[in-house]
Amino acid sequence: MTHFQLSVNGRQEQVSADDPEMPLLYALRNDLSLHGPRFGCGLGQCGACTVIIDGEAARSCITPISSVGEGKITTLEGLGTPEHPSPVQAAFIEEQAVQCGYCINGMIMQATAFLSKTKNPTEGEIREALASNLCRCGTHVRIVRAVQRAAREI
Amino acid sequence: MFETLTTRRDFLRTGTGLVVSFALAPAVFGAAEASISKVNPKPTDLDHVDSFLAVGTDGTVTVYSGKVDLGTGVKTALSQMVADELDIGFQQVILITGDTMTTPDQGPTYGSSSIEMGGFEIRKAAATARKALLDMAAQKLHVEPASLTVSGGRISSGNRTVTYAELVGGKSFSIGVDSNAAFKAPSALTLIGTSVKRVDIPDKCTGAFTYMQDVRREGMLHARVIRPPAMGAELVGFDDAEAKSVPSFLATVRQSNFLAVVSSTEWGAIKATAAVRANWSGWEGLPEQAKLFDAVRATKSIKEDITSSVGDVQAALKTAATHLDATYDFAAHTHGSIGPSCAVAEIVDGKLTCWTASQSTHALRLQLATMLAIPPENVRCIYMDGAGCYGRNGHEDAASDAALISSKVGGKPVRVQWMRADEHVWDPKGPPTLLDMKGGLDGNGEIVAWSSSLFTPATMGTNVPLLTGMLANSPSTGGIVPGGVTADLAIPYDIANVHTVAHRLESTPFRPAWIRSPGRMQNTFANESFLDELLASASLDPMSYRLEHINDPRGEELLTRLAKLSGWDERPSPRKSTGDVCQGRGLAYVHYDLTRAWVGVVAEVEVVRSKGTIRVLRLFAVQDCGQIINPDGVRNQIEGNLVQTTSRTLMEEVTFDRSTVTSTDWASYPIITFPDVPEIVVELIDRPEEKSFGSGEPSAAVVPAAISNAVFDATGARIRSVPMTPAKVWAAIGDH
Ligand code: FES
Ligand code: FES
């Protein structure tokens with residue numbers, strides 16, 4: 001067993017794993033009981049597992065726990081709560097940009113990282129920024145509207 | 001090939017196929033808490049108000065719905081219906097869905113039936129309850145029921161008030177559902193017809209929501225199933241020595257061809273699975289992919305379903321001035337849920353509890369009971385929201401995986417999370433479908449003959465068989481169940497001679513099931529594209545012809561509004577554009593099942609001739625689904641249908657070799673991504689006085705034909721095959 005110190009949503013957490021290659025996703029979901037990051041493919045193809053590490057969107061399903069080091073991890077829970085959502089979360093709620101919602105963690109995390117670097121993005125830039133996040137329900141048009149709304153309100 | 005009922009031979013060989021090898025002593029598996037016995041018995045039949053509703057002492061109303069929310073917003077819409085009918089606040093409604101112990105069996109959540117059927121059953125119960133409450137209040141207050149007013153669950157006569165909670169809080173109604181109970185007049189409704197915000201969205205956007213995949217039980221173990229590398233392979237043997245070196249490994253479970261690994265951690269289960277060396281027999285029972293539709297055509301038809309017959313088609317085809325023939329094909333599709341299927345099962349004192357995202361927990365309960373040979377009353381399935389399934393995906397199979405594995409490890413709670421390849425390869429598929437079309441026009445360009453022949457799997461049985469049971473050779477109640485695939489083979493147009501027939505095939509390459517708009521999508525693709533071919537041959541405008549030949553005022557209004565919305569340019573197709581990059585528009589229309597919602601779509605596309613690439617620029621849709629419960633919810637469904645079906649039409653296809661499915665992930669089975677998503681414009685026709693029809697499917701059915709017709713308008717080339725890949729488009733343009 002190796003013990004890993006992780007900084008998650010501003011708190012120091014300790015996680016034990018018998019394999020340093022274990023993807024961060026399993027530590028977040030199973031050891032820290034977080035529901036935000038989701039298992040979609042485990043292959044880095046869909047974005048459902050996205051978290052933000054030091055300001056960058058990262059696919060936690062292919063990020064070995066041992067590679068995170070002192071990186072500051074933010075999950076969907078770390079952005080806001082139903083009572084106090086972050087601007088991006090609030091925009092998704094306002095636009096009702098959810099069907100099943102399974103992809104939405106990835107959409108909100110990716111958009112949050114994107115908007116922190118890009119002010120006043122065009123619709124085309126938003127679509128490109130989300131191009132590697134898959135949604136099967138076809139919620140795309142609402143998601144783009146939500147990110148546009150968030151961009152205006154940040 | 002996927003043929004008939006799964007065999008019981010190995011099961012009957014009294015356990016020869018059963019091996020459970022433990023790394024740790026079985027004592028590690030203790031008793032879990034008895035979740036099945038905690039709920040008081042309440043009626044769940046369809047005849048009693050108490051089956052559907054209970055008023056709490058705090059004035060909340062708990063609603064028990066057999067229909068579940070598959071991410072479509074049904075929970076919100078059902079709450080609106082009940083709150084409105086009962087005159088209570090929206091916030092006073094608590095909805096319990098899909099728990100087989102407490103909810104009535106209202107049938108599976110499929111076929112756009114949740115509001116149309118399930119919702120109205122619940123609304124009837126609410127209307128019955130409201131009347132009973134008024135009668136009780138009248139007696140208590142010594143007034144006539146008609147003199148009472150109701151608001152927020154408080155019944156008043158002047159300044160005297162009695163609440164629902166005071167009348168029946170914590171007690172049962174003990175009355176039957178009155179099928180004549182009157183609904184409130186549309187003018188008196190305050191919630192139905194409004195875009196109440198969805199109840200689940202704030203939690204889903206903040207990580208506060210509990211999906212099926214988030215369910216955890218005390219002492220829960222993690223399992224993964226090792227699938228055969230060839231779909232019909234037999235497990236000759238296995239060696240799990242290396243898996244045992246994974247520290248969290250607990251057991252390998254085998255029954256016949258079902259092989260799984262159990263671990264105390266999820267990552268351990270994944271690693272141990274990779275470390276098991278399994279020896280499988282070879283199997284090459286799938287057709288060659290390049291000749292898939294030859295194989296479909298050559299499959300024995302065991303039944304002919306004639307879905308419409310008017311006049312004498314053969315005679316009319318003989319005498320027609322112009323005669324057209326065409327064949328349309330539609331590839332096998334996977335449901336492609338973004339979250340692979342997942343379930344948790346545990347067995348306490350012989351009673352199985354299964355948490356599942358199944359769209360039909362009541363049917364699953366019976367299937368699990370059969371598989372494990374235990375009485376149905378000892379099985380409880382509890383619905384938890386999963387990722388969208390769009391039909392019968394792998395949810396039920398994950399549930400049976402978890403149940404079987406739990407039964408092999410002393411009933412311990414077991415969580416099975418399917419991996420991406422489990423879902424892509426092993427979910428039941430929308431079957432490959434073929435349609436032969438024939439049409440004839442007279443000298444004036446009037447269509448006088450229409451004939452279609454559909455080649456689609458037969459329906460044998462009521463359930464899709466559980467994959468677990470098939471591999472484990474357990475008893476099964478499943479058969480071939482592709483869904484209502486012959487619907488909308490008949491056409492909504494007034495043509496003098498029509499014959500439409502479905503050849504129901506005895507087998508199909510993959511275990512089939514319904515995927516969003518089963519059959520209706522394939523049939524409407526062929527119908528609406530072929531109609532366009534006939535009209536083009538007579539140089540007729542596609543919109544005008546439909547308007548003149550549907551003889552249905554609601555259809556006519558819909559098309560008139562669609563023409564306006566899309567700025568329809570009245571002229572025949574094709575547009576005769578030149579140049580490498582050309583644009584076109586196409587129309588498709590359906591009256592769903594010929595008895596339900598009406599929907600029309602206009603697609604605008606751009607085609608690059610030299611590359612064969614199609615870009616869908618815009619989709620305009622108008623839908624009439626009768627009385628709308630939640631307009632924004634309906635819009636969300638239509639948008640989803642249009643985007644998802646654009647993806648299915650342009651790029652989706654299950655690929656395979658002779659042994660198995662080779663489209664195993666999102667790289668080998670790509671779906672649409674943000675840059676390619678079209679602009680969507682939706683207009684709703686609300687008819688508060690009319691019956692509500694479901695919106696989960698109808699607008700999907702029209703998309704493939706609208707795109708095909710638009711490509712024809714742009715290029716003059718006709719695409720008769722889904723997916724419309726660049727290679728097919730390029731070849732069709734080249735032929736032209
Ligand atoms: S789950 Fe990580 S990218 Fe799909
Ligand atoms: S909302 Fe269901 S996958 Fe995106």
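**View 1. The surface and overall build of chain B.** In this predicted model, chain B has an accessible surface of about 25,000 Å², and carbon and sulfur atoms own 53% of that area. Underneath, 64% of the 736 residues in chain B count as buried. Put a box along the principal axes and the C-alpha atoms of chain B fill roughly 80 × 80 × 45 Å. The radius of gyration of chain B is 27 Å, and a compact globule of 736 residues would be near 27 Å, so the two agree. If you like counting, chain B gives you 20 helices and 26 strands. Look at who touches whom: of the contacts in chain B with a separation of 6 or more, 79% join residues 24 or more positions apart. As for charge, chain B carries 67 positive and 82 negative side chains, with the centres of the two sets 4 Å apart.

**View 2. Two tyrosines in chain B, Y493(B) and Y589(B).** Over all chains, the structure holds 12 aromatic pairs. Here the ring centres of Y493(B) and Y589(B) sit 6.4 Å apart with their planes at 50°, so this pair is called tilted. The partners come from distant parts of the chain, 96 residues apart. Y493(B) is in the loop between α13 (467-472) and β21 (497-505), while Y589(B) belongs to strand β22 (residues 581-591). Are these two tyrosines buried or exposed? Y493(B) has a relative accessible area of 7%, so this ring counts as buried. Y589(B) is buried as well, at 1% relative accessibility.

**View 3. A tryptophan meets a phenylalanine, W598(B) and F693(B).** The planes of these two rings are at 70° and their centres 6.2 Å apart, so W598(B) and F693(B) make an edge-to-face pair. W598(B) lies in strand β23 (residues 598-608), and F693(B) is in the loop between β25 (679-685) and α18 (698-701), so the pair ties together parts that are 95 residues apart in sequence. W598(B) counts as buried at 7% relative accessibility, and F693(B) does too, at 12%.

**View 4. An aromatic cluster with members from chains A and B.** Which residues make up this cluster? Chain A supplies Y102(A), and chain B supplies F209(B) and Y211(B).

**View 5. A buried glycine in chain A, G138(A).** Find G138(A) in the loop between α5 (123-129) and α6 (140-153) of chain A. With a relative accessible area of 1%, against a cut-off of under 20%, G138(A) is buried. What does G138(A) touch, leaving out residues up to four places away in sequence? In chain A there is Q99(A), and from chain B come E639(B), G640(B) and V643(B). S33(A) is 105 residues from G138(A) along the chain, and their C-alpha atoms are separated by 28 Å.

**View 6. Chain A as a whole.** Chain A has 6 helices and 5 strands, running β-β-α-β-β-β-α-α-α-α-α from the N terminus on. Its radius of gyration is 15 Å, close to the 15 Å that the globule rule gives for 154 residues, so chain A is as compact as a globular protein of that length. The C-alpha trace of chain A spans about 45 × 25 × 25 Å along its principal axes. Of the 154 residues in chain A, 60% count as buried. The accessible surface of chain A is about 5,800 Å², with 48% belonging to carbon and sulfur atoms. Chain A also has 13 positive and 16 negative side chains, and the centres of these sets lie 8 Å apart.

How values were computed: Residues are numbered from 1 along each chain as its sequence is written. Chains are lettered from A and ligands numbered from 1 in the order in which they are written. Side-chain values use heavy atoms; hydrogens and water are left out. Helices (H or I, at least four residues) and strands (E, at least two) are DSSP runs, numbered from the N terminus. The radius of gyration is taken over C-alpha atoms; the globule rule is 2.2 Å times the number of residues to the power 0.38. Buried means under 20% relative accessible area, exposed over 50%, partly exposed in between (1.4 Å probe, protein chains only). Contact means heavy atoms within 4.5 Å. Accessible areas come from the Shrake-Rupley method with a 1.4 Å probe; for residues, only the protein chains shown count as cover. Lys and Arg count as positive and Asp and Glu as negative; His and the chain ends are not counted. The place of a charge is taken as NZ of Lys, CZ of Arg, CG of Asp or CD of Glu. Rings of Phe, Tyr and Trp (its six-membered ring) pair if their centres lie within 6.5 Å; planes under 30 degrees apart count as stacked, over 60 as edge-to-face and the rest as tilted.
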